[in-house]
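Hi there,

Here is the structure I promised to pass on to you. Have a look at it first, and then read on for what turned up.

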Amino acid sequence: MIRSIEKSLLTHDETLVELSLTFMNPSVKPQVKKIPCDLCLSDNFFPLFEKESSRNENFLIQKCGSCGLVQVNPQPDLEAVKPYYSASYFQKRTDRGYNNYFSDELKRQLFKVYEMNLNDAGFYQFEKERFYKLNIQKPSFLDVGCAAGYFVEFMKHRGWEAEGIEISNDAASFGIEQLKLKIIVDDFFSSRDLKKESYDFITLWASIEHMHSPVKVMKRIHELLKPSGRLILSTCRYGHLAKFRGKDWRYMNVPEHLYFYSMKNMKRLAAETGFNTLKSFSYGSGFTAKKDSGFAYKAGKIIMDPLVKILNQGDMMVFYLKKI
Ligand SMILES: [Zn+2]
């Protein structure tokens, strides 16, 4: 979820995303094995390059020879990626401290980015319809991988029956205890608290690239949405900026990120799992403003961020989808 605010001021934006991963079958031995393409089931791949992880393991980045989806393949299974989300990992990422991380200032920045993404997607029109045209008193909303629940809180403030699902108790407990939010701490795929066709709106902020089967995730979301319900998802975008930067691209974090979608690939994923793409757009140039960054760096951000947005060449993308 937090990844979507890359263009705001955060450089430690990954922590909560990592916390929201799903871990299953802890007793199984870790495995890294070649798998067919999740999107098109092809076995035909072209190697692009190898990338070293933060734990000094090498992973091969390949492009599907059939649909073009860029991915880590052979793919490490859940058990094999687990060490990348260990306690020390979180500690490293949260060296500014929890209090600071959950500060009001950060929340204000986040809310601003949410507003902007929803506005750019055209979501508010749908919201109006649900409240006024369909006269639903409290439309229902679910944030998948909600971490501490900032976006759940955002939607609750807007009058929605808002809830989140989160596998990590550490991340969710802040939202449950401090923010008094409804957060289900459970596995997204098997949770019995999630009822079919019960949500008007679902979000998946910067999580799908971490998932072992994005197709499975989309199908699960599809069954949870009401007819003509909406999904907004964001993910890093494999486009010109990514190709230009290669293995140094800011989102080429492996094996935390397993899939690198192009806009075309994402449209196909949406269509094949039962969604109409109502709107898609990109943003973010890789210039992340830091408080202590120099003038040239800040100027780069001021120029580049709007430019990539106008040219639709950002390396983050947002998809606004309607269940067919
Ligand atoms: Zn493919």
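Let me start with one helix, α7, in which Tyr150, Phe151, Val152, Glu153, Phe154 and Met155 are buried. Please keep in mind that this is a predicted model. Helix α7 spans residues 150–157, and 6 of its 8 residues are buried, so the helix is largely enclosed by the rest of the structure. What does the covering? The elements over the buried residues of α7 include α5 (104–121), β6, β7, α8, β8 and β9 (199–205).

Both ends of this helix are worth a look. Alanine 147 sits in the loop between β6 and α7, and its phi is positive, near 55 degrees, although the residue is not a glycine. Alanine 147 has 28 C-beta neighbours inside 10 Å and therefore counts as buried. After α7 comes glycine 159, which also has a positive phi, near 100 degrees.

Now for the wider view. The protein chain has 324 residues, of which 42% are buried, and it contains 12 helices and 13 strands. Of the contacts between residues at least 6 apart in sequence, 70% join residues at least 24 apart.

Several of the strands around α7 belong to an open sheet of 7 strands, ordered β8-β7-β6-β9-β10-β13-β12, with mixed pairing. The edges are β8 (182–185) and β12 (275–283); each has a single partner strand, so one side of each is left without a neighbour in the sheet. On average, neighbouring strands here are turned by 15 degrees against each other, direction ignored. Within the sheet, β6 (residues 140–144) and β7 (residues 161–166) are a parallel pair with 5 bridges; valine 144, for instance, has isoleucine 165 of β7 as its bridge partner. Helix α8 (residues 169–178) lies across β7 and β8, and runs at about 160 degrees to β8.

There is a second open sheet, this one of 4 strands in the order β2-β3-β4-β11, with antiparallel pairing. Its edge strands, β2 (45–52) and β11 (259–260), each pair on one side only. Strands β3 (residues 58–64) and β4 (residues 70–72) are joined by 3 bridges in the antiparallel sense, and glutamine 62 has glutamine 71 in β4 as its bridge partner.

Which residues touch the most other members of the largest nonpolar core? That core has 69 residues, and the ones in question are Phe151, Ile202, Leu204, Ile221, Leu231 and Phe319. Phe151 is one of the buried residues of α7. Strand β13 (residues 316–323) gives the most to the core, with 6 residues. Apart from its neighbours within four places in sequence, isoleucine 221 is in contact with Val144, Ile202, Leu204 and Leu231. As a general tendency, nonpolar side chains in soluble globular proteins are buried together.

Finally, a few backbone details to look up in the loops:

- Asparagine 73 and proline 74 are joined by a cis peptide bond, with omega about 5 degrees; proline 74 is in the loop between β4 and β5 (75–76).
- Valine 254 and proline 255 are also joined by a cis peptide bond, with omega about 5 degrees; proline 255 is in the loop between α10 (240–245) and β11.
- Leucine 41, in the loop between β1 (32–33) and β2, has a positive phi of about 70 degrees without being a glycine. Is leucine 41 buried or exposed? With 12 C-beta neighbours inside 10 Å, it counts as exposed.

Enjoy exploring it!

Best wishes

Notes: Residues are numbered from 1 along each chain as its sequence is written. This is a predicted model: local features need pLDDT of at least 70, side-chain atom pairs count only at pLDDT 80 or more; totals for chains, interfaces and linings use all residues. Two strands pair if DSSP finds at least two bridges between them. Helices (H or I, at least four residues) and strands (E, at least two) are DSSP runs, numbered from the N terminus. Axes are lines fitted to C-alpha atoms, for helices over the stretch in contact, and angles run from 0 to 180 degrees between N-to-C directions. Two residues are in contact if their C-beta atoms, placed from the backbone, lie within 7 Å. A residue is buried if 20 or more other C-beta atoms lie within 10 Å of its own, exposed if 12 or fewer, and partly exposed in between; C-beta atoms are placed from the backbone. A nonpolar core is a set of buried Ala, Val, Leu, Ile, Met, Phe, Trp, Tyr and Cys residues joined through C-beta atoms within 7 Å.
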